[in-house]
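Colleague: I have a model open and would like to go through it with you. Could you pull it up, so that we can talk about the strands and the packing?

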Amino acid sequence: MVQVLAGERVQVERGPSGPLRFWRGEGLGRGRYEVGQLVEHRVEAGPGRQVWRVEAVRSGRSRTSFAGVFDLTWEPADDRWSLVRVHD
């Protein structure tokens with residue numbers, strides 16, 4: 001199942017190869033996700049939006065049982081990260 005989101009804003013900690021972890025949700029119940037693998041990275045034409053497809057797991061859960069694939073985008077003009085798609 002693929003869930004398309006309307007650009008949910010997320011916070012991302014980025015390393016030299018791409019996102020290392022990200023946080024989604026508001027308030028104290030925010031979920032932290034640990035990136036296990038970079039699946040794909042591309043730069044789209046025009047404003048240079050970058051799309052990162054990553055396999056990640058919510059912190060504290062087993063990677064083999066609860067991993068998902070997430071599409072994160074970075075808009076360089078706004079320095080903004082968004083979660084735009086979740087693949088279950």
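Colleague: In which sense do β4 and β5 pair, and over how many bridges?

Modeller: Bear in mind that this is a predicted model. Strand β4, residues 31-43, and strand β5, residues 50-58, pair in the antiparallel sense over nine bridges.

Colleague: And how many residues lie between β4 and β5 in the hairpin?

Modeller: The hairpin formed by β4 and β5 has six residues between the strands, and Gly-46 in that turn has a positive phi of about 95°.

Colleague: What does β4 pair with besides that, say on the β3 side?

Modeller: β3 and β4 pair in the antiparallel sense as well, here over four bridges. Tyr-33 is a useful residue to follow through both pairings, since the bridge partner of Phe-22 in β4 is Tyr-33, while Tyr-33 also stands opposite Arg-58 in β5.

Colleague: Stepping back, how many helices and strands does the protein have, and what order do the elements run in?

Modeller: The secondary structure comes to one helix and seven strands, and from the N terminus on the elements run β-β-β-β-β-α-β-β.

Colleague: What share of the residues is buried?

Modeller: Buried residues make up 35% of the 88 residues. The accessible surface comes to about 5,400 Å², of which 47% belongs to carbon and sulfur atoms.

Colleague: Which residues have the most contacts inside the largest nonpolar core?

Modeller: That core has 15 residues, and those with the most contacts inside it are Phe-22, Val-54, Phe-70, Leu-72, Trp-81 and Leu-83. Strands β4, β5, β6 and β7 each supply at least two residues of this core.

Colleague: What does Trp-81 touch, leaving out residues up to four places away in sequence?

Modeller: With those neighbours left out, Trp-81 touches ten residues by name: Glu-8, Arg-9, Val-10, Val-12, Arg-14, Pro-19, Trp-52, Leu-72, Thr-73 and Trp-74.

Colleague: Switching to charged side chains, where is Arg-24, and which side chain does it make a polar contact with?

Modeller: Arg-24 is in strand β3, residues 18-24, and its side chain makes a polar contact with the side chain of Glu-8 at 2.9 Å. Beyond residues up to four places away in sequence, Arg-24 also touches several others, including Leu-5, Tyr-33, Phe-70 and Val-86.

Colleague: And Glu-13, which side chain does that one make a polar contact with?

Modeller: The side chain of Glu-13, a residue in strand β2, makes a polar contact with the side chain of Arg-21 at 2.9 Å. Apart from neighbours within four places in sequence, Glu-13 is in contact with Pro-19, Leu-20, Arg-21 and Trp-23, and the C-alpha atoms of Glu-13 and Trp-23, ten residues apart along the chain, are separated by 8.8 Å.

Colleague: Why is Glu-13 classed as partly exposed?

Modeller: Glu-13 is classed that way because its relative accessible area is 34%, and partly exposed covers the range between under 20% for buried and over 50% for exposed.

Colleague: Last one, what is the phi of Asp-79, and where is that residue?

Modeller: Asp-79 has a positive phi of about 50° although it is not a glycine. Most residues other than glycine have a negative phi, which is the background for picking this one out. Asp-79 is in the loop between β6 and β7, and it is exposed, with a relative accessible area of 54%.

Methods:
Residues are numbered from 1 along each chain as its sequence is written. This is a predicted model: local features need pLDDT of at least 70, side-chain atom pairs count only at pLDDT 80 or more; totals for chains, interfaces and linings use all residues. Side-chain values use heavy atoms; hydrogens and water are left out. A polar contact is a pair of N or O atoms within 3.5 Å; within protein, one must be able to donate a hydrogen and the other to accept it, and residues adjacent in sequence count only if both atoms are side-chain atoms. Contact means heavy atoms within 4.5 Å. Buried means under 20% relative accessible area, exposed over 50%, partly exposed in between (1.4 Å probe, protein chains only). Accessible areas come from the Shrake-Rupley method with a 1.4 Å probe; for residues, only the protein chains shown count as cover. Two strands pair if DSSP finds at least two bridges between them. A nonpolar core is a set of buried Ala, Val, Leu, Ile, Met, Phe, Trp, Tyr and Cys residues joined through side-chain atoms within 4.5 Å.
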